[in-house]
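This briefing concerns the packing of helices in a single protein. The points below are grouped by topic and are best read alongside the model.

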Amino acid sequence: IKEFLRYKMYNNKKIVKKNNEGKKILEFLFNKITNNPKKFLKSNISINDKYRASADYISGMTDRFAINMYNKIK
């Protein structure tokens, strides 16, 4: 099973490409949100907490919401 999963899932070119695209979207969103947290986050946060708040906000997103937000602000 491990070999099957490694070949068909983890190292599959299409899956690796999609994963890399997703990582790019998440990194972009994280940078945008941390650079201007007041625009995206509703609560008042300190500078030290902006990274945690940004990560929490992104972790609560659905895939579709994150992709739409990325396309909207790109």
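Contact here means heavy atoms within 4.5 Å. The model is predicted, with a mean pLDDT of 91 for the protein. Two helix pairs are described, α2 with α4 and α2 with α5, followed by a salt bridge in α4.

**Confidence**
- In the protein, 100% of the residues reach a pLDDT of 70 or more.
- Helix α5 (residues 63–73) has the highest mean confidence, at 96, whereas helix α1 (residues 2–10) has the lowest, at 86.

**Packing of α2 with α4**
- The axes of helix α2 (residues 13–35) and helix α4 (residues 50–59) lie 9 Å apart, at an angle of about 135°.
- Because of this angle, α2 is oblique to α4.
- The crossing of α2 with α4 is right-handed.
- On the α2 side, the contact involves Leu26, Leu29, Phe30, Ile33 and Thr34; these meet Lys50, Tyr51, Ser54, Ala55, Tyr57 and Ile58 of α4.
- By class, this contact of α2 with α4 comprises 8 nonpolar, 2 polar and 1 charged residues.

**Packing of α2 with α5**
- Helices α2 and α5 pack with their axes 10 Å apart and at an angle of about 60°.
- α2 and α5 cross in a left-handed manner.
- From α2, the residues Lys24, Ile25, Phe28, Leu29, Lys32 and Ile33 meet Ala66, Ile67, Met69, Tyr70 and Ile73 in α5.
- The contact of α2 with α5 contains 9 nonpolar and 2 charged residues, and no polar ones.
- Leu29 and Ile33 of α2 take part in the contact with α4 and also in the contact with α5.

**Salt bridge**
- The structure holds 1 salt bridge.
- Arg52 pairs with Asp56 in this salt bridge, and their closest N and O atoms are 3.2 Å apart.
- Both Arg52 and Asp56 belong to helix α4, where they are 4 residues apart, about one turn of the helix.

Notes:
Residues numbered from 1 in each chain as written. Predicted model: local features only at pLDDT ≥ 70, side-chain atom pairs only at ≥ 80, totals over all residues. Heavy atoms only, no water. Axes fitted to C-alpha atoms, helices over the stretch in contact; angles between N-to-C directions. Parallel < 35°, antiparallel > 145°, perpendicular 65-115°, else oblique. Left-handed = near helix turned anticlockwise from the far one by under 90°. Nonpolar A, V, L, I, M, F, W, Y, C, P; charged D, E, K, R; others polar. pLDDT = per-residue confidence, 0-100. Salt bridge = Lys/Arg side-chain N within 4 Å of Asp/Glu carboxyl O.
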